Amino acid sequence: MIIAAGLSPAWQQILEVDSLQVGEVNRCQSAHWSASGKVVNTGIAICHLGIPCETIFSAGGYTRDLIEADLTQLKVPCRILNQQNPTRICTTVLDRSTGQTTELVENATSVSAAEVDMFVDEYRKHVSAADVVVLTGSLPAGAPATLYQDLLSETDCPVILDARGPELEAALTQSPFLVKPNLEELEQTLARSLSSTEQMIKGMQEINQRGATWVVISQGKDALWASSEQQVYRFTPAKANVVNPIGCGDSLAAGIACGIHEGRSVPDAIRWGMASAADNLTQLLPARLSKTSVQTFYEQIEMEQLV
């Protein structure tokens, strides 16, 4: 079983427009709603890839009921803990004339100390049954920056951590199996610019030396890089028709987790994660993957070991 856990779910609105005009009235071609946010997307993707999963998060307000109903319809097992503040709504605008995506992201609403404790208790109930764990998403106000560090200290199986800044910094002391910040988040964590490939690889391996067994950095359609202290890999993504990029990073994490669960090598699990992200790119709603399509994309991904 895989556990996906985090405190930043969202109710997602997706709007399609012919041509986005800033400062003008824009009429939409279509509007769609779905359960989303990093932890929710990860759980949905894992289930679509056919691996048993438990998704643990807290939610509140009327959007909690909408998220729960959507996940029930998708048959995604989840443990939704009550919180007082309403779960955020995020909006994605897809401009079909340019192919550009505009995101209006509401920060996750704050949680109380008691709500954090409930989340930790629920995680403890299930973690012993997990073969892989994905800890994902920014921590809301009220959650300590050491939360992921604390959860890692109680986890014996491999952990994929999708976090940044203070949360990532603290968690490195517990040696997560794989971390996947983007380049901007890596720069934020290291507090310096990484303007060349050589500087980026050096920064990645600095994170390896500070505790992460593997570091993965995606550069979108151009390349994905993975490093351990001794190894560096460059992956060339599959070509995919872009419909909606929201959830690609979460599908990447989910695919890697599924690959590790299935016993693949880490580089091969990363290829499976990249194929999952490619398939997500072709879907309107995030993380609603097709395992058959993922396999097709997987076969197109090229891998080169540099070190």
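**Sheets, helices and cores of the predicted model**

Alanine 191 is located in the loop that lies between helix 6 (183-190) and helix 7. In this predicted model, the phi angle of alanine 191 is near 60°, a positive value in a residue other than glycine. With a relative accessibility of 68%, alanine 191 counts as exposed. A positive phi, of about 70°, is also found at alanine 287, which is not a glycine either, and this residue is placed in the loop between helix 9 and helix 10 (291-298). Alanine 287, however, has a relative accessibility of 0% and therefore counts as buried. Most residues other than glycine have a negative phi.

The strands considered next belong to an open sheet of ten strands, arranged in the order 5-4-1-8-9-10-11-12-13-14 with mixed pairing. Its edges are formed by strand 5 (78-82) and strand 14 (302-305), each of which pairs on one side only. Strand 1 (residues 2-5) runs parallel to strand 8 (residues 132-136), to which it is joined by four bridges, and within this pair isoleucine 3 stands opposite valine 133 of strand 8. Helix 7 (residues 197-209) packs on the sheet, where it touches strand 10 (178-179), strand 11 (214-218), strand 12 (224-227) and strand 13 (232-236), and its direction makes about 40° with that of strand 12.

Strand 1 is also joined to strand 4 by four bridges, and these two strands run parallel; here isoleucine 3 stands opposite glutamate 54 in strand 4. Strand 4 is in turn connected to strand 5 by five bridges, again in a parallel arrangement, with threonine 55 of the pair standing opposite cysteine 78 in strand 5. Between strand 4 and strand 5 the chain passes through helix 2, and the resulting β-α-β crossover is right-handed. Helix 2 (residues 62-74) lies across both strand 4 (53-59) and strand 5, running at about 170° to strand 5.

Strand 4 is mostly covered, as seven of its seven residues are buried. Cys53, Thr55, Phe57 and Ala59 point one way from this strand, whereas Glu54, Ile56 and Ser58 point the other way, and all are buried. In a regular strand the side chains alternate between the two faces of the sheet.

Phe57 of strand 4 is also among the residues of the largest nonpolar core, which has 52 members; Ile2, Phe57, Leu71, Ile160, Ile256 and Ile270 are those that touch the most other members. The largest share of this core, nine residues, is contributed by helix 9 (residues 266-281). When residues up to four places away in sequence are not counted, phenylalanine 57 touches Gly6, Pro9, Val39, Val40, Ile67, Leu71, Cys78, Arg79, Ile80, Leu81 and Phe119. A second core, separate from the one just described, comprises 41 residues and includes Ile3, Leu152, Leu161 and Ile207. In soluble globular proteins, nonpolar side chains tend to be buried together.

A further open sheet consists of four strands in the order 3-2-6-7, likewise with mixed pairing. Strand 3 (28-37) and strand 7 (101-104) stand at its edges, and because each has a single partner strand, one side of each is left without a neighbour in the sheet. On average, and with direction ignored, neighbouring strands of this sheet are turned by 20° against each other. Strand 6 (residues 89-95) pairs with strand 7 in the antiparallel sense over four bridges, and valine 93 stands opposite threonine 102 in strand 7. Helix 2, described above as lying across strand 4 and strand 5, also lies across strand 2 (9-17), strand 3 and strand 6, and runs at about 80° to strand 2.

Glycine 165 lies in helix 5 (residues 165-171), and at 7% relative accessibility this residue counts as buried. Apart from its neighbours within four places in sequence, glycine 165 is in contact with Gln188 and Thr189. The C-alpha atoms of glycine 165 and isoleucine 67 are 28 Å apart in space, while the two residues are 98 residues apart in sequence. Isoleucine 67 is one of the residues touched by phenylalanine 57.

How values were computed. Residues are numbered from 1 along each chain as its sequence is written. Side-chain values use heavy atoms; hydrogens and water are left out. Two strands pair if DSSP finds at least two bridges between them. Contact means heavy atoms within 4.5 Å. Axes are lines fitted to C-alpha atoms, for helices over the stretch in contact, and angles run from 0 to 180 degrees between N-to-C directions. A nonpolar core is a set of buried Ala, Val, Leu, Ile, Met, Phe, Trp, Tyr and Cys residues joined through side-chain atoms within 4.5 Å. Buried means under 20% relative accessible area, exposed over 50%, partly exposed in between (1.4 Å probe, protein chains only). A crossover is right-handed if, with the strands pointing away from the viewer, the path from the first strand over the helix to the second runs clockwise.
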